[in-house]
Amino acid sequence: MPPQTFPAVWTERHRLHDPGGEVWVGVPIPGTEVIARGDLIRDALEAAGFEIISPVEHAPAHLQRVHDPAMVDYLRTAYHDWVAAGYPEEPGQDRVVPYVFPLPQAVADRPFRLPAAPSARAGVYTTDTTTLIGPGTFAAALSAADCALTAAEMMLGGAPTVYAACRPPGHHAGRAFFGGSCYLNNAALAAQALRDGGVDRVAVVDLDAHHGNGTQDIFYDRADVLYASVHVDPGAGWFPHFVGYADEQGRGPGEGANCNRPVAPGCGDAPWLAAVEDLRAAAARHRAGALVVSLGVDGAAGDPESPLGISAEGFCRAAEALAGLRLPTVFVQEGGYDLDHLGGLVVGTLLAFAAAGGPG
Ligand code: SP5
Ligand code: ZN
């Protein structure tokens, strides 16, 4: 490996997940979480000399450390049940996509009844209509989880910094919900694996343009895992819309271990980097023994999914700030949809982290 690179965990099994577009405001559109993303990241890693490692397969029990087993079971069986119900022929939808949702105010105070129709079951665990399930979605999501878990285990084994090239991404998947192009929460699985491997306090710092409502959900009541995120202000009209406000600071024993820094659409580097500095400081105050970085680069100027306008240099400055924590670090890939710049943004950020000394 050239100096200033570190191991990267990647698998071609990400290609099993072809979301086949998304349904947005009722309209099927091509979507941006495409197969090419995973291959472009691999090409950039390879060109920069990163050692590329295949993930180790993990038993399903690992998933249940952060997810409701019933949701995992749903993800495993949803596509098969959808096809068996004949929806690909009539009405002609070959991906699992919901049309009805059991809102709490509509179904509370009575026993929950799992709908008999697969079309209705499709609304039980997802937050939105943009996170379709195809034939290989669950297999690819498992492999992405394997990448994150493998990276965490390598870190526990002494590797100071490891990158997990997860696709599909994960930070919008909560304990019992999924959405926003995410199915299983790769970063949360990595953080939990570090806890289970003996790290007392872990910090998850989320640089993706969107709030990681799934990661926040999973750790919201816990004092041992800090969740700290900079993201486009949901109050200004951005996904995930309902969650990600600054006053969400954790609950019960987790009070104070959740840190949201919403920033304004179009803010550019300076306010975003000031927020990153707050996240760094929160991780230091948490006295974390290891860091998980949810590395979405969809905040970059030109990305079709966010209005933040962060420069490539801005991502490098953020990486340098986090390197200042001098913690063993697992990077987990989240979003990033500008295919012309995705590989360069990811690798540039990782190299800047290493060049700044990483865990040193
Ligand atoms: C992992 C991640 O970055 N997920 C973010 C998903 C955000 N999706 C929001 C809704 C999609 C609407 N996109 C339509 C773009 C039309 N200009
Ligand atoms: Zn995002």
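Axes here are lines fitted to C-alpha atoms, for helices over the stretch in contact, and angles run from 0 to 180 degrees between N-to-C directions. Keep that in mind for the helix pairs. One more thing before we start: this is a predicted model.

Let's take helix α9 first. α9 covers residues 312-323. The axes of α9 and α10 come within 8 Å of each other. They cross at roughly 35°. What hand does the crossing of α9 and α10 have? It is right-handed.

Now the residues. On the α9 side we have A312, F315, C316, A319, E320, L322 and A323. They meet L345, G348, T349, A352 and F353 in α10. Sort that contact by class and you get nine nonpolar residues, two polar and one charged.

On to the second helix pair. α10, residues 342-355, also has a crossing with α1, residues 35-47. Again the axes come within 8 Å. The angle here is roughly 50°. Why call α1 and α10 oblique? Angles under 35 degrees count as roughly parallel, and 65 to 115 as roughly perpendicular, with over 145 as roughly antiparallel and the rest as oblique. The two helices cross at roughly 50°, so α1 and α10 are oblique to each other. This crossing is right-handed.

Who makes the contact? From α1, it is R37, L40, I41, A44 and L45. From α10, it is L342, G343, G344, V346, V347 and L350. By class, the contact of α1 with α10 holds eight nonpolar residues, two polar and one charged.

That's the helices. Now the pockets.

The largest pocket holds about 1,100 Å³ of space. It is lined by 37 residues. Which of them are closest to its centre? T127, D128, F239, P240 and H241. Two elements give two or more residues to this lining: β2, at 22-24, and α7, at 213-219. By class, the lining has 15 nonpolar, 14 polar and eight charged residues.

Next, the second largest pocket. The space there is about 350 Å³. Look along the chain for its lining: F101, P102, L103 and P104, then F112. G123, V124, Y125, T126 and T127 line it too, along with A176 and F177. How many charged residues are in this lining? None; nine are nonpolar and three are polar.

One residue to find in your viewer is T127. T127 is among the residues closest to the centre of the largest pocket, and T127 also lines the second largest pocket.

Notes:
Residues numbered from 1 in each chain as written. Chains lettered and ligands numbered in written order. Predicted model: local features only at pLDDT ≥ 70, side-chain atom pairs only at ≥ 80, totals over all residues. Heavy atoms only, no water. 1 Å grid on protein atoms, 1.4 Å probe; cavity = no way out; pocket = protein on both sides within 12 Å on 5 of 7 lines; lining within 4 Å. Points joined across faces, edges and corners; volume = space filled by probe spheres on them. Helix = DSSP H or I, 4+ residues; strand = E, 2+ residues; numbered from the N terminus. Nonpolar A, V, L, I, M, F, W, Y, C, P; charged D, E, K, R; others polar. Left-handed = near helix turned anticlockwise from the far one by under 90°. Contact = heavy atoms within 4.5 Å.
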